[in-house]
Amino acid sequence: MTLKVGIIGVGGIVRAHMPGWAASDLAEVVAGSDINEATLQKWGRDHGVQKLYSQAEDIINDPGIDIIDVCTPNRYHAPLTIAALRAGKHVICEKPLAPTPGEIREMIAARDASGKMLMTAQHFRFKGNSRALKAEIECGALGDIYHARSWMLRRAAYLPGPGFVLKQHSGGGATIDIGVHILDLTLWMLGNPKPVAVSGVARSDLAHLPGQFSIWSPNPVPPDWDVEEFAAAFVRFENGATLVLEVSWLLHHDTPGEDMQMWLYGTRGGSHWPGCNIYTTNYETRQQYNLTLQKTADIMEPHALECVEFAQAIVDGAPSPVPAEHSLQVLTILDGIYRSQESGHEVSLL
Ligand SMILES: NC(=O)c1ccc[n+]([C@@H]2O[C@H](COP(=O)([O-])OP(=O)(O)OC[C@H]3O[C@@H](n4cnc5c(N)ncnc54)[C@H](O)[C@@H]3O)[C@@H](O)[C@H]2O)c1
């Protein structure tokens, strides 16, 4: 059985999905759609894909397609996903699943009504070091995790397209663009406890300084940039655990490019990602151990692996590799950061 894949939005990130669809024995890309006709035609030529649709509704309603892969800017994820589920397609959708929790609830309702699979493309879960650490945590290496510190901090490193820096297309700035990555990974490691409250800030202080730039673009900051570049938050969970989160596209930080880290602290041990280190103590000897996991290699580039495993889960009738309920938790926290910024106080997430 070969599942037929149609991709909506054949811009940047689709380049990372194509090797996954090519590597899967169970899926094959047969169609693409994009509102930019030149982009669509070039992508079709480059990949030998014949069915090219300038209207998303036409690819969604193509009866020869089983999977829709949504790779558009964030604001279009929910309407396209819901339409595709209603048309009886399985959907893998880029992160964030949607910019708001309300949209994700509607996507979950459409998924449940359709009986099809919905997965968020959170590729960091598919890295070898993430899986290695997750397996150790599930075996109890850290005991009960009661605190996490996570950040994704970039120094003058943002994607300058309107899909990222204009709220009408993105739904938000660094918080939902990259906060979604490190927060999804952290919640997954914590076992997805229910978040109950958040106090946070989400602001832009550097974006419009004269000469501001991105190391990924020769152009200056778009003058109509209207999203936040920075967020920081303190999150409380129902099980008593807490999280400190920091995100920026532009911080004056010591690391060039990107610094993405997660520290977890439990009753038996602590851990560091991406280092894949575990820290523990023998209280009888007062000996402290710093252990490094050895088997952490990627089995495939993670954006590709997520596509391979999505197709496999459909064929196996297995659960979604990244369920929408997990993304609802992520966006509930990120939306709470925006609400906390507005109110100036901790907000309830219940
Ligand atoms: N997982 C990752 O590492 C990663 C990295 C980059 C981007 N992303 C996500 O992928 C998504 C797309 O980002 P990108 O970098 O590919 O952006 P992009 O701007 O390079 O490509 C988006 C494409 O979608 C098309 N498009 C826009 N609206 C459309 C619509 N309504 N219907 C059909 N096509 C439409 C655009 O013309 C463009 O070709 C975003 O949600 C982003 O957050 C994920």
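**Exercise 1. Which way do strand 9 and strand 10 run, and how many bridges join them?**

Solution. Work on the predicted model.
- Strand 9 covers residues 230–237, and strand 10 covers residues 242–248.
- Seven bridges join the two strands.
- Their run is antiparallel.
- For one pair in register, take Arg-236: its bridge partner in strand 10 is Thr-242.

**Exercise 2. Place these strands in their sheet. Which strands stand at the edges?**

Solution.
- The sheet is open and has nine strands, ordered 14-13-12-11-7-10-9-8-15.
- Its pairing is mixed.
- Strand 14 (287–292) and strand 15 (347–348) each have a single partner strand, so one side of each lacks a neighbour in the sheet. These two are the edges.
- Now add the helices. Helix 10 (residues 179–190) packs on this sheet and touches strand 7 (145–155), strand 9, strand 10 and strand 11 (257–266). Its direction makes about 160° with that of strand 7.
- Helix 12 (residues 324–343) also packs on the sheet, touching strand 8 (195–203), strand 9 and strand 15. Its direction makes about 55° with that of strand 8.

**Exercise 3. Describe the six-strand sheet. In what order do its strands lie?**

Solution.
- The order is 3-2-1-4-5-6, in an open sheet with parallel pairing.
- Strand 3 (51–53) and strand 6 (118–121) are the edges; each has a single partner strand, so one side is left without a neighbour in the sheet.
- From one strand to the next, the twist averages 25°.
- Zoom in on strand 4 (residues 67–70) and strand 5 (residues 90–94): they run parallel, joined by four bridges. Ile-68 stands opposite Val-91 in strand 5.
- Helix 2 (residues 37–47) packs on the sheet against strand 2 (27–33) and strand 3, at about 155° to the direction of strand 2.
- Helix 4 (residues 77–86) touches strand 1 (3–8), strand 4, strand 5 and strand 6, and its direction makes about 170° with that of strand 5.

**Exercise 4. Why do helix 1 and helix 11 count as oblique to each other?**

Solution.
- Helix 1 (residues 14–23) and helix 11 (residues 302–316) pack at an angle of about 45°, axes 7 Å apart.
- Angles under 35 degrees would count as roughly parallel, and 65 to 115 as roughly perpendicular.
- The pair is therefore oblique.
- The crossing is right-handed.
- Ala-16, His-17, Pro-19, Gly-20, Trp-21 and Ala-23 in helix 1 meet residues of helix 11, including His-303, Leu-305 and Val-308.
- By class, this contact has eight nonpolar, three polar and one charged residues.

**Exercise 5. How many helices and strands does the protein have?**

Solution.
- The count is twelve helices and 15 strands.
- The radius of gyration is 20 Å, close to the 20 Å from the globule rule for 350 residues, so the protein is as compact as a globular protein of that length.
- The C-alpha trace spans about 65 × 50 × 35 Å along its principal axes.

Notes. Residues numbered from 1 in each chain as written. Predicted model: local features only at pLDDT ≥ 70, side-chain atom pairs only at ≥ 80, totals over all residues. Axes fitted to C-alpha atoms, helices over the stretch in contact; angles between N-to-C directions. Parallel < 35°, antiparallel > 145°, perpendicular 65-115°, else oblique. Left-handed = near helix turned anticlockwise from the far one by under 90°. Contact = placed C-beta atoms within 7 Å. Nonpolar A, V, L, I, M, F, W, Y, C, P; charged D, E, K, R; others polar. Pairing = 2+ DSSP bridges. Rg over C-alpha atoms; globule rule 2.2 N^0.38 Å.
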